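Dear colleague,

I am handing over the structure below, followed by an account of what was found in it. Please read the two side by side.

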Amino acid sequence: MFRIESKIDINGTEFERNKSRYMELLEQYKEILATIKKGGPEQSVSRHKERGKLLARERIDLLVDRNTPFIELSSLAAYGMYDNGFPSAGIITGIGVIHGKEVMIIANDATVKGGTYVKQTIRKHIRAQEIAMENRLPCVYMVDSGGVFLPEQANVFPDKYDFGRLFFNQARLSGMSIPQIAVVMGSCTAGGAYVPAMSDETIIVRNQGTIFIGGPPLVKAATGEEVTAEELGGAEVHTMISGVADHLAENDVHAIQICRNIFESIRRHQYQELEIHPIEEPFYDPAELYGILPIDLKKQVDSREIIARIVDGSLFHEFKERYAPTLTTGFARIMGYPLGIIANNGVLFGETALKGAHFVELCTSRNIPILFLQNITGFIVGKQFERGGIARDGAKFVHAVANAGVPKFTVIFGGSFGAGNYAMAGRAYEPRFLFMYPSSKISVMGGEQAANVLITVKEDQLKAAGKKLSPEEREKMLQTILKKYEDEGSAYYSTSRLWDDGIIDPVDTRKILGLAIAISQNKKYEKTQYGIFRM
Ligand code: COA
C-alpha cells in the first residue's frame, strides 16, 4: 500500500482556526460528558454510597480486566430530555474484557430514579443486546432497578421493542449459547425480576439484592400479607429456598469477584478469521483531525485527509482513484485488521454510486469488513441526472450496502443527509456500530434546503389563492425552520435518542474501531446474497 500524501498545511492559519473552533466543541462535549457521568442527584449518590454500594461505573471498573479498554456506548442517551433527569438514560452499557474475553456489560444506575426505565433506557438496553447478538458477546447484567418508570408506562410497556423485549432477547441469546449472567446488586422488581430469573447464572448480594414479581406494598394491597423485602425476595431466600439465584455474595466487590470467576469457565470462540498484521500507528498524528474535520459543512474536506489520520501507517490502497472522485474507496488496516473504506468527498452522482456498489462487491467477495466515513449532503438532483437514471444507480449502491454480509461500521465525520445516509450505511442499514463526532450533523436534508422547500411550497399555495408571503413572514418562516433543523440535526439530539452508539472524540476512532472489528470475529460473517441490481 502507498502512504497517503497529506496536502494540509498544519502550520497554516486555516488549520489553526479550525482547530481552535474544534477544541471549543470538544471542551463542550467533555464538560457535558463529565456532568452526565456523575449520575443522579447528589443526595441519591450519597445515599447509594452510605448503603455500602458501589456506583454503576465503579462496579464496571472492578469487573473488567485491569488496563483493558471499556468502550462505553451512548453515554449521552436521554440528554436534554426529561429536564435532564435521566443521565445516560439511567443505564451504563458497553464492551469490556473479562479474563481476556470481550463481554457486553449492562449496568443499571440506581442513583437515577431508582434505576427505572424510560423509553431511552429500554432502547439502550435492547441495543446492547442486539450488539451482543450480532457479535456473539456474553452479557453481564448488573441489576439495580425499580423496573418501569411508572409515569411513562404507556411509552415503555406494551410495544414490540418495549420492556418485554429485554427478556425475549435474553431467551434468544441464551438459545444461541451466548452466556447470560446476572449480578443482583439491588432491586429487581416485577418485570425486572426476569433479568436474573432468565439468566444462565445469577449472583445476589446479601441484605442488598432483592428479586420479586411484586414488592411488599403490592403484596400488602393484593393479599393483605405484611412482609419485608428481605423475607420476600432477599439473597437468603433465593440462594437457599427458591433457587432463583445461584451464588450468594457478601457485598458488591465479592459479587464482582464471583462474576469474574464464572468467566474462567466460559470459552471464547473465534468464528471468523481475518488476516491480522502488526499494529502500526498512523504516519500523520490523529490529533491533527481537530484542525481538519468539517465544522462548516459547506466547506468540502478531502476524506483522504481523515483516512490518513485513522489507518495504520496512513497506508491506503485506493480503488478507482481517478473515477467518480466524490467517493473515495480503498483498502487499509486499523489496529492490524484489514478493512475496506468508503468515504464521501462530495455529492453522490450516478457513477459514484456504481463505484460504491462495485467496491462493496469487492469487500464481500474477499470477506473484508467495510468502514463508511460519512460526510454526505445526498444524491445529485436535477433534470439531467434524473434522465440519466440517478435513482436507478443510487438504488444499486443502496442495494449492495443493504445486502453486504460482512460487518459494516459507520462514522459520521461531517453531515449525514437524505438518501446519502442510506447508501453510506446509516442506522437503518445495520452497521455493527455507528458513531458520531461532536461536530457532526444528521437530518433528512440541510436546514437551508428544508427551509427553501417549505417556503416554496407555501408560496405556491398562496399564489394559487392570489396571495403572497410578506418579506417579514418569509424571514420568520426561514429562521424558525433553520433553528429547528439546527437543534434536531445536532449530534446531541441524535445520540440522546439512540440513533447512534455514541459521540466519540475523533482521536479515539482507531481504538474504538479496532475493538469493534476484533469482536466482529466472534461470529462467522454472513454469506452475501444480492438480489436484482436494476440495470
Ligand atoms: N416508577 C417511577 N419512579 C420510581 C419508581 C418507579 N417504578 N421506582 C422508584 N422511583 C423513583 C422514586 O419516586 C424516587 O424519585 P425522586 O428521587 O424523584 O423522589 C427515586 O425513584 C428513588 O426512589 P427511592 O424509593 O427513594 O429509592 P430507594 O433506593 O430507596 O428504592 C426502589 C429504590 C426501586 C427499590 C424503590 O423505589 C421501589 O421499590 N420502587 C418501586 C418499584 C416497583 O414496584 N416497580 C414496578 C414497576 S415494573
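I begin with the ligand. The model is a predicted one, and in it a backbone N or O atom of Val148 lies 2.9 Å from a nitrogen atom of the ligand. The protein covers 55% of the 860 Å² of accessible area that the ligand has on its own. Two side chains also approach oxygen atoms of the ligand: a polar side-chain atom of Lys113 is 2.4 Å from one oxygen atom, and a polar side-chain atom of Arg51 is 2.8 Å from an oxygen atom. The ligand is surrounded by 13 residues, of which Arg51, Lys113, Gly146, Val148 and Leu150 are the closest. Sorted by class, this shell consists of five nonpolar, five polar and three charged residues.

I turn next to the nonpolar cores. The largest of them has 114 residues, and those with the most contacts inside it are Met104, Ile341, Ile342, Leu371, Leu373, Phe397 and Phe433. Apart from this core lies another, of 24 residues, which includes Ile60, Val103, Met185 and Ala249. Within the largest core, Leu373 may serve as an example. Beyond the residues up to four places away in sequence, Leu373 touches Ile307, Ile310, Ile341, Ile342, Ala343, Asn344, Val411, Phe413 and Met424.

Two further residues deserve your attention. The first topic is Gln374, which belongs to strand S13 (residues 370–376). Is Gln374 buried or exposed? Gln374 counts as buried because its relative accessibility is 0%, and the limit for buried is under 20%. Its side chain forms a polar contact of 2.5 Å with the side chain of Ser416. Outside the range of four places in sequence, the residues that Gln374 touches include Asn344, Thr410, Phe413, Asn421 and Gly426. The C-alpha atoms of Gln374 and Thr68 are separated by 29 Å, and these residues are 306 residues apart along the chain.

The other topic is Asn345, which sits in the loop between strand S12 (337–344) and helix H14 (350–366). Asn345 has a relative accessible area of 12% and is therefore buried, since that value falls under 20%. A polar contact of 2.9 Å links the side chain of Asn345 to that of Thr328. Leaving aside neighbours within four places in sequence, Asn345 is also in contact with other residues, among them Gln300, Asp302, Arg304, Pro325 and Leu327.

With kind regards

Methods: Residues numbered from 1 in each chain as written. Predicted model: local features only at pLDDT ≥ 70, side-chain atom pairs only at ≥ 80, totals over all residues. Heavy atoms only, no water. Core = buried A, V, L, I, M, F, W, Y, C linked by side-chain atoms within 4.5 Å. Buried < 20%, exposed > 50% of the residue type's maximum accessible area, 1.4 Å probe, protein only. Contact = heavy atoms within 4.5 Å. Near = heavy atom within 4 Å. Polar contact = N/O pair within 3.5 Å; in protein donor to acceptor, adjacent residues only side chain to side chain. Areas by Shrake-Rupley, 256 points an atom, 1.4 Å probe, with all protein chains shown as cover. Nonpolar A, V, L, I, M, F, W, Y, C, P; charged D, E, K, R; others polar. Helix = DSSP H or I, 4+ residues; strand = E, 2+ residues; numbered from the N terminus.
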